Amino acid sequence: MNRRYYQKEIETMSRADMKKLQSERLVKQVKHVWDNVPYYRGLMEAKGVTPDDIHGVDDLHKLPFLTKDDLRDQYPYGLLATDLNNCVRIQSTSGTTGRRVVAFYTQGDVDLWEDCCARAITAIGGTDEDVCQIAYGYGLFTGGPGLNGGSHKVGCLTLPMSSGNTDRQIQFMMDLGATILCCTPSYAAFIGESLREAGYKPEDNKLKAGIFGAEPWTEEMRRDIENALGIKAYDIYGLTETSGPGVAFECEEQSGMHINEDHFIAEIIDPDTGEVLPEGEKGELVFTAITKEAFPLIRYRTRDITVLSREECSCGRTLVKMKKPMGRSDDMLIVRGVNVFPSQIETVLLKEGYTPNYQIVVDRANNTDTLDIYVEMNPESFSDVVKDIESDAGKLAASMKTMLGISPKVHLVAPKTIARSEGKAVRVIDKRKLHD
């Protein structure tokens, strides 16, 4: 590795210096939002807070929260904090309900976002000698543009493939010797599957690492991807609302994601009460963007459930780490009174030797919730007789009951019959909402 850090002074900054920097930027940002975003100023006034009350990070808890509902209600321009002619880009969420969330960027915002993504690429060993294949979607989705810009800043030869057209992905990967792959974990797994079907072994490609995010994935899925592609697989975290991927990233230790604290202040709160929790406790992640000019969200509730840690990291970075989100406070399914996270189901599938291609369908019949899980079989097991398939489904349902505490109905289906994701995989279909 030629460089260990992209911006060493920031990434290894002492806790005291980082807190001082964050405090200065927070004070400035609160004033900026108060002066330029009437909606948020109204929220502050309702809470009896003015910029004069905010002297640094220790006063952050005095400020009101923002939620995705606020962003939708204020669509499109209600949270814009600068003149529109200062903005050079918008990005938007891939959400499926209600109004989309639209985020605005000045050129300065784009530059800082790309720096964050460059830190992520450098942290996994990326240099100007690498060939970085970006198979995230481009366009309004933040994945492609963010990693594309970060790859340029590191100096990689960048392949802006976007998602889909897997045959072409493989052709370019092999012909141009891609060494870093960036895409969703479900698409990485599919590329691995497709390479194997095309007769390639993991050692036949030149990939050394992958940066995978935009959807939840388990440690078991990480190992499967690593084995299929012959790489080290790294997580990256971000939200369109706060810029996109690069808010936090894994280093070579693979034990949590370093948050770019010079740009984003992280808090963990009790999702029910909003109370700030001590470091090390599990709760909902809240971000304050302290350098964004066009769309600076303050105390934005992500709904992601995680834990923050300041344990020393072998990579030398002092940036606080967040664990891989353990689910979402709003995506959590409550089925027959039991909390169910899709990640629990994925853990069982991979442990039992199934593919991570599955879909959960929740419905309601006779006032009782039903839970159906559709799971793709491996090509080998698909050739089994019907009796064996039924037996396997029963065994898998029993394992699911042990993990979840309730009995699902498991349906084993033919390989490649569940749609593969080129953006975010649609893992959950909750039909109960149709009855509201």
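How much of the accessible surface of the protein belongs to carbon and sulfur atoms? I looked this up first and noted that the accessible surface comes to about 19,000 Å², of which 49% belongs to carbon and sulfur atoms. I keep in mind that the model is a predicted one.

Next I turned to the overall form, and I found that the C-alpha trace spans about 75 × 60 × 40 Å along its principal axes. A compact globule of 436 residues would have a radius of gyration near 22 Å, and because the protein has 22 Å, I wrote down that the two agree.

For the interior, I noted that 54% of the 436 residues count as buried, and that among contacts with a separation of 6 or more, 66% are made by residues 24 or more positions apart.

On charges, I counted 52 positive and 66 negative ones, and their mean positions lie 1 Å apart.

I then went to the secondary structure, which comes to 12 helices and 20 strands, and I chose strand β17, residues 358-365, for a longer look. β17 runs antiparallel to strand β18, residues 368-376, and eight bridges join them; within this pairing, Ile360 stands opposite Ile373 in β18. The hairpin of β17 and β18 has two residues between the strands, and in this hairpin Asn366 takes a positive phi near 50 degrees.

Which strand pairs with β17 in the parallel sense? I found that it is β20, residues 428-430, with three bridges between the two strands, and that Val361 stands opposite Ile429 in β20.

Definitions and conventions
Residues numbered from 1 in each chain as written. Predicted model: local features only at pLDDT ≥ 70, side-chain atom pairs only at ≥ 80, totals over all residues. Heavy atoms only, no water. Pairing = 2+ DSSP bridges. Helix = DSSP H or I, 4+ residues; strand = E, 2+ residues; numbered from the N terminus. Rg over C-alpha atoms; globule rule 2.2 N^0.38 Å. Buried < 20%, exposed > 50% of the residue type's maximum accessible area, 1.4 Å probe, protein only. Contact = heavy atoms within 4.5 Å. Areas by Shrake-Rupley, 256 points an atom, 1.4 Å probe, with all protein chains shown as cover. Lys, Arg positive; Asp, Glu negative; His and termini not counted. Charge placed at Lys NZ, Arg CZ, Asp CG, Glu CD.
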